[in-house]
Amino acid sequence: MLTRSDDLEILLTVVDSGGFSAAAEALDIQVARVSRAVSKVEKQLGVSILNRTTRRVELTDEGRQFIEAVRVGLQHIQQAEEDIMQRGELPKGRLRVDAASPFVFHQLVPLIQPFKAAYPEIELELTSNEGFVDLLEKRTDVAIRIGKLDDSTLHARPLGRSPLYIVAAPEYLAKRGIPKQVNELHQHDLIGFAGAKILNRWPLKGLESITPSMISSNGETVRQLVLAGNGISCLSGFMVNKDLEEGRLVSLLETEKLVNTGREQVNAVFYKSSSVARRISAFIDFIQPQLSL
């Protein structure tokens, strides 16, 4: 074997993070160490793996094929090491989990303490992104995604379905009236989402999409706006189930709702060859039966 695994790890980080400086920051080493490792691998193999530009690095054709093989090889090595060290032991190590902030607040946060008690050696790192993250670029092990999945390179574990609700606060409805038909929504203040157009397609018969009078890129902000009486919105059950049960919000137009739009699906996604499979399985197996979707 011409190359060292630590140099290959550095090279892989350069590719995933898009540059030498970003890789150095992610690995907490000097940029010079990153540059030396990449140059060493290229010299040992006798080919150029990366094309350097002033803004970023890109893989050569030879480099693209090599990197995919390296990724799989290193993952197999890491998995083999973990399997032999953890035989008979609980999973251990860092697990990076990403989800939209409302899912983190309402579903994951209440489960963190009991999960840590069950798996004290797993170091959880939670991040919140409102859009779909690139798992490699963000160095994420598992992500919770709401809606249909299109990326065939990812493995998905279904967590369940979370119904959509058209909701408003009682105070808003007392002032503006309760819409009984879909076309009456045009007379109301509608709160929608910025960026993802699909989130402004409400599951109502005869309604393609709404024209919101107020928007936010953050689902929890939308929920708070609705709770404060600013208007009507469409939110997932995992966000508003408790609000509906306790009367803080009212569900509207139930008889006009479409049963399945694709937005109701909740999945945990990760790479099929993930080297942290035991930690991922432990996390998903633990949270799935306890989610209130």
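Which residue just after α1 takes a positive phi? In this predicted model, that residue is Gly-18, with a phi of about 90°. The rest of the picture can be built outward from there, starting with the chain as a whole.

The protein chain holds nine helices and 12 strands. Of its 293 residues, 44% are buried. Looking at contacts between residues at least 6 apart in sequence, 73% turn out to join residues at least 24 apart.

Helix α1 covers residues 5–17. Its 13 residues reach 18 Å from the first C-alpha to the last, close to the 18 Å expected at 1.5 Å a residue. Plenty of α1 is tucked away: Asp-7, Leu-8, Ile-10, Leu-11, Leu-12, Thr-13, Val-14, Val-15 and Asp-16 are buried. Past Gly-18, with its positive phi, comes helix α2 (residues 20–27), which packs with α1 at an angle of about 115°, the two axes lying 8 Å apart. The crossing of α1 past α2 is right-handed. On the α1 side, the contact is made by Ile-10, Thr-13, Val-14 and Ser-17, while α2 brings in Phe-20, Ala-22, Ala-23, Ala-26 and Leu-27. Sorted by class, that comes to seven nonpolar residues, two polar ones and no charged ones.

Helix α4 (residues 61–85) also meets α1, by way of Leu-74. Leu-74 counts as buried because its relative accessibility is 10%, under the 20% cut-off. Setting aside neighbours within four places in sequence, Leu-74 is in contact with Ser-5, Leu-8, Glu-9 and Leu-12. The C-alpha atoms of Leu-74 and Leu-8 are 8.4 Å from each other, although the two residues sit 66 residues apart along the chain.

Now for the strands. Five of them make an open sheet with mixed pairing, in the order β4-β3-β5-β12-β6. The edges belong to β4 (122–128) and β6 (154–161); each has a single partner strand, so one side of each goes without a neighbour in the sheet. On average, and ignoring direction, neighbouring strands of this sheet are turned by 20° against each other. Helix α5 (residues 101–118) packs on the sheet, where it touches β3 (93–99), β4, β5 (142–146) and β12, and its direction makes about 170° with that of β4.

Within the sheet, strands can pair in two ways, parallel or antiparallel, through backbone hydrogen bonds. Both turn up around β5. This strand runs parallel to β3, with two bridges joining them, and Val-97 has Val-142 of β5 as its bridge partner. With β12, β5 runs antiparallel and shares four bridges; here Ile-146 is partnered by Val-266. Four of the five residues of β5 are buried, so the strand is largely enclosed by the rest of the structure. Further along, β12 (residues 265–271) is joined to β6 by seven bridges, again antiparallel, and Arg-161 stands opposite Gln-265 of β12.

Another antiparallel pairing links β7 (residues 164–168) to β10 through four bridges, and in it Tyr-165 stands opposite Leu-235 of β10. Strand β10 (residues 233–236) sends Ser-233 and Leu-235 one way and Cys-234 and Ser-236 the other, yet all are buried.

Notes:
Residues numbered from 1 in each chain as written. Predicted model: local features only at pLDDT ≥ 70, side-chain atom pairs only at ≥ 80, totals over all residues. Heavy atoms only, no water. Buried < 20%, exposed > 50% of the residue type's maximum accessible area, 1.4 Å probe, protein only. Pairing = 2+ DSSP bridges. Axes fitted to C-alpha atoms, helices over the stretch in contact; angles between N-to-C directions. Contact = heavy atoms within 4.5 Å. Left-handed = near helix turned anticlockwise from the far one by under 90°. Nonpolar A, V, L, I, M, F, W, Y, C, P; charged D, E, K, R; others polar. Expected span 1.5 Å × (residues − 1).
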